[in-house]
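Trainee: Could you walk me through how the parts of this model get their labels? I would like to see the reasoning behind each one.

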Amino acid sequence: MTMLRSVIKGVGAALPEKILTNAEIAARVDTNDAWITQRTGIKQRHVAEEGEKTSDLATKAAQAALAHAGLGIDAIDAIIVATTTPDETFPATATRVQANLGMHRGFAFDVQAVCSGFIYGLTIADQMIRGGLVRKVLVIGAETMSRLLDWNDRTTCILFGDGAGAVVLQAESGKGDSSDRGILSSHLFSDGRQHDLLYVTGGPSTSKNVGSIKMQGREVFRHAVDHMADVVLHALKENNMTVADLDWLVPHQANLRILNATAEKLAMPMEKIIVTVDKHGNTSAASIPLALASAVAEGKFKPGQLLALEALGGGFTWGAVLLRW
Ligand code: ACO
């Protein structure tokens, strides 16, 4: 029986020009390159200039993804922007991106699931495609996390960076089995009881302004390792597959030690895991599409290979998407 599949036709990335090294952060707060490298694997991150907005980065990433797909904006039916750092409380950053791209049809909206936002966005787009509502969707993860940081808090300001990544998702007809190209399955979870482990102070309906990131790092670390390995195993099991079937893992890039521990739990060699956290830091919803774009630029993925995309973020939210390239 044939069925509609959502296939990635193009990927794109955009990073602010300005790079902030560990040494530069160490000049501001009591930390050093050796500590940051050993505990996180992060060497540098990109940081938006004053006035450079999430929508600016999202627009550039979308343009790159469209060019990679060989498509014009008129082909796109919908835009989803996953972000936790919108330009404004409303309207959605996605509508600004829609205007920037010169798209005068279709619809655009934001998704908020923090670091899992791109997985949530991809899942929604896939369901809209399978349901027949749209045929081509731009799914973008875009963040200016630097705006949410307390630059005097050494436990958080070392971790995050800014950037955007985008994919063009297109409806294609498949056979309905796991040999199909495109998204095979999506798996979403959340647990609102874990709010206090990772959140941003303030917000429109509490303080009327934006605060800064608060985090219990050790606890977040522990949950991240547990969930990020489990959700991949869950996705594989649902498709009657095992880790041996997986060609690439594209995880949310939070911390190299989390990636190492996830790889160990899954018994996967690090060579099969896409790592960009050293160069980008944690870019929240942008990290997976940025990692995809980086791997594509390096020619890593071959047609027919099996990829697992996965993330955990504040909430907690977490999830995975299994897809055939
Ligand atoms: N430089 C130097 N020393 C530091 C720094 C720093 N930047 N930050 C903390 N320290 C000190 C602490 O004060 C502490 O000192 P003490 O022993 O004298 O009290 C010591 O280093 C150890 O601190 P821990 O917090 O126990 O260090 P840990 O090994 O857990 O590493 C880290 C901290 C890197 C934050 C880690 O817990 C982590 O990565 N957690 C996951 C957080 C994360 O990824 N959040 C992102 C959002 S969620 C997600 O994306 C999955």
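Mentor: Gladly! Let's start with pairing: two strands pair if DSSP finds at least two bridges between them. Keep in mind that this is a predicted model.

Trainee: What makes strand 12 and strand 13 a pair?

Mentor: Eight bridges join strand 12 (residues 306–313) to strand 13 (residues 317–324). At least two are needed, so these strands pair. They run antiparallel, and Gly313 stands opposite Thr317 of strand 13.

Trainee: How do you know that strand 9 and strand 10 pair?

Mentor: By the same test: five bridges join strand 9 (residues 198–203) to strand 10 (residues 209–215), and the cut-off is at least two. Gly203 has Asn209 as its bridge partner. In this hairpin, Lys208 takes a positive phi near 70 degrees.

Trainee: Why are strand 8 and strand 11 called edge strands?

Mentor: Four strands form an open sheet in the order 8-13-12-11. Strand 8 (182–190) and strand 11 (248–251) each pair on one side only, which is what the name tells you.

Trainee: Why is helix 6 called oblique to helix 7?

Mentor: Helix 6 (residues 217–238) and helix 7 (residues 256–266) pack at an angle of about 40 degrees. Roughly parallel needs under 35 degrees, and roughly perpendicular runs from 65 to 115. The angle fits neither, so helix 6 is oblique to helix 7.

Trainee: Which residues make that contact?

Mentor: Among them are Phe221 and Leu233 of helix 6, with Ile258 and Leu266 of helix 7. By class, the contact has ten nonpolar, one polar and three charged residues.

How values were computed:
Residues are numbered from 1 along each chain as its sequence is written. This is a predicted model: local features need pLDDT of at least 70, side-chain atom pairs count only at pLDDT 80 or more; totals for chains, interfaces and linings use all residues. Side-chain values use heavy atoms; hydrogens and water are left out. Axes are lines fitted to C-alpha atoms, for helices over the stretch in contact, and angles run from 0 to 180 degrees between N-to-C directions. Helices (H or I, at least four residues) and strands (E, at least two) are DSSP runs, numbered from the N terminus. Angles under 35 degrees count as roughly parallel, over 145 as roughly antiparallel, 65 to 115 as roughly perpendicular and the rest as oblique. Contact means heavy atoms within 4.5 Å. Ala, Val, Leu, Ile, Met, Phe, Trp, Tyr, Cys and Pro count as nonpolar, Asp, Glu, Lys and Arg as charged, and the others, Gly among them, as polar.
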